Amino acid sequence: MIDQVVAILENRKVNEKYFKLAFRSRELARGVLPGQFVNIQIQPSLDPFLRRPFSYYRITGDKIEILYEILGRGTALLASRVKGDTLKVMGPLGKPFTAALKCKKRVLVAGGVGVPPLIFLAEKNPVDYFLIGTKSKKEVMPKKELAKVKGRVFYSTNDGSYGKKGYVTALLEEILKKEKPENLYIQTCGPEIMMQAVLDIARRCDIEGEASLDKPMACGVGACLGCMVKTDQGWLPSCTHGPVFKFEKLVGQI
Ligand SMILES: Cc1cc2nc3c(=O)[nH]c(=O)nc-3n(C[C@H](O)[C@H](O)[C@H](O)COP(=O)(O)OP(=O)(O)OC[C@H]3O[C@@H](n4cnc5c(N)ncnc54)[C@H](O)[C@@H]3O)c2cc1C
Ligand code: FES
């Protein structure tokens, strides 16, 4: 893990929902696996004081891309930074998703800020079902961002303007009508409420899998204990023991 000042190569709006940030760093790109993240100091001044975590989205040589949503002050400030501005970036952090699945069909369930790391995973590994839920067609990722995904992508929108109408879990329930639960492995990332619904289905049907938790983080290295997760081994920091946790490790609500 290193902490490095990088120069912004690109920072632009991709669609109604996402911005794309790109920078170069051989060190921050080395050995990165899908599910890992960086912790970014948004401005050269210490305002905002706390860094913000973002998943690796795509790595091409030493070029690193991040896809982000504006959710509050930090991400709004990030969107105002321009080509040539510098950022302090710490990474690679956290534990990745499981890459090789033995005799299981991979089902990815994504929403919101969980879409970028699952696209990264789906570009590196074959996927049987990639389920993406958004509010409406306007938020659906441009097709070219998904061009390298190794599998079929299925969409749901809350308003029915694209794909199946309803929540992404409706797509998951459809799969369960034709596949045996013991043959599936779910990997999910997105809003907590979505991942909780996915976990509830997995627990009900006895499906294995893992979730990349979206706990607000400060230090990113296990020092502040601000991102604790209740597991079968007690409370653990998500930044170092996660953000990816196996379903069976998670106790109670996410
Ligand atoms: C491991 C990890 C990977 C992430 N990867 C990405 C990514 O690839 N792209 C992306 O856009 N975002 C990602 N996020 C979420 C991102 O870190 C938050 O959106 C960001 O920190 C919000 O900062 P802000 O200052 O704009 O918002 P704040 O002002 O801090 O908050 C704005 C709103 O967002 C909520 N919020 C704050 N932090 C989080 C959080 N971590 N998760 C959910 N809601 C939050 C607040 O409760 C508030 O309602 C990731 C988070 C984690 C933990
Ligand atoms: S963010 Fe500080 S312990 Fe996880």
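Here's a quick tour of ligand 1 and its pocket, one small cavity-lining group of residues, and a few backbone oddities. Keep in mind that this is a predicted model. The headline is that ligand 1 sits in the largest pocket, with 19 residues around the ligand. Elsewhere, the structure holds 1 cavity of 30 Å³ or more, and there are two cis peptide bonds to look at, one from Asp47 to Pro48 and one from Gly91 to Pro92.

**Who touches ligand 1**

- Of the 19 residues that surround ligand 1, the closest are Arg52, Pro53, Glu69, Gly74 and Thr75.
- Arg52 uses its side chain: one of its N or O atoms there is 2.7 Å from an oxygen atom of ligand 1.
- Pro53 comes in through the backbone instead, with a polar backbone atom 2.6 Å from an oxygen atom of ligand 1.
- Leu67 also offers a polar backbone atom, this one 2.8 Å from a nitrogen atom of ligand 1.
- On its own, ligand 1 has 860 Å² of accessible area, and the protein covers 75% of that.

**Where that shell comes from**

- Three elements give two or more residues to the shell around ligand 1: β4 (52-55), β6 (63-69) and α2 (73-79).
- β4 makes the largest contribution to this shell, at 4 residues.
- Sorted by class, the shell around ligand 1 has 10 nonpolar residues, along with 4 polar and 5 charged ones.

**The pocket itself**

- The largest pocket, which is where ligand 1 sits, has a volume of about 620 Å³.
- It takes 24 residues to line the largest pocket, and those closest to its centre are Pro53, Phe54, Leu71, Val113 and Asp214.
- Pro53 turns up in both lists, being among the residues closest to the pocket centre and among those closest to ligand 1.
- β4, β6 and α2 show up again here, each supplying at least two residues of the pocket lining.
- β4 gives the most to the pocket lining as well, with 4 residues.
- The lining of the largest pocket splits into 13 nonpolar, 6 polar and 5 charged residues.

**The enclosed cavity**

- The structure has 1 cavity of 30 Å³ or more, and the largest cavity holds about 40 Å³ of space.
- Its lining is made up of Tyr18, Val115, Ile132, Thr134, Glu139, Val140 and Met141.
- By class, that cavity lining has 5 nonpolar residues, 1 polar and 1 charged.

**Backbone spots worth a look**

- Asp47 and Pro48 are joined by a cis peptide bond, with omega at about 0°.
- You'll find Pro48 in the loop between β3 (37-41) and β4, and β4 is the strand that gives the largest share of the shell around ligand 1.
- The other cis bond runs from Gly91 to Pro92, with omega near -15°.
- Unlike Pro48, which is in a loop, Pro92 lies in a strand, β7 (residues 86-93).
- Asp206 isn't a glycine, yet it has a positive phi of about 60°.
- Look for Asp206 in the loop between α5 (192-205) and β13 (208-212).

Terms used:
Residues numbered from 1 in each chain as written. Chains lettered and ligands numbered in written order. Predicted model: local features only at pLDDT ≥ 70, side-chain atom pairs only at ≥ 80, totals over all residues. Heavy atoms only, no water. Near = heavy atom within 4 Å. Polar contact = N/O pair within 3.5 Å; in protein donor to acceptor, adjacent residues only side chain to side chain. Areas by Shrake-Rupley, 256 points an atom, 1.4 Å probe, with all protein chains shown as cover. 1 Å grid on protein atoms, 1.4 Å probe; cavity = no way out; pocket = protein on both sides within 12 Å on 5 of 7 lines; lining within 4 Å. Sits in = over half its atoms within 2 Å of the grid points. Nonpolar A, V, L, I, M, F, W, Y, C, P; charged D, E, K, R; others polar. Points joined across faces, edges and corners; volume = space filled by probe spheres on them.
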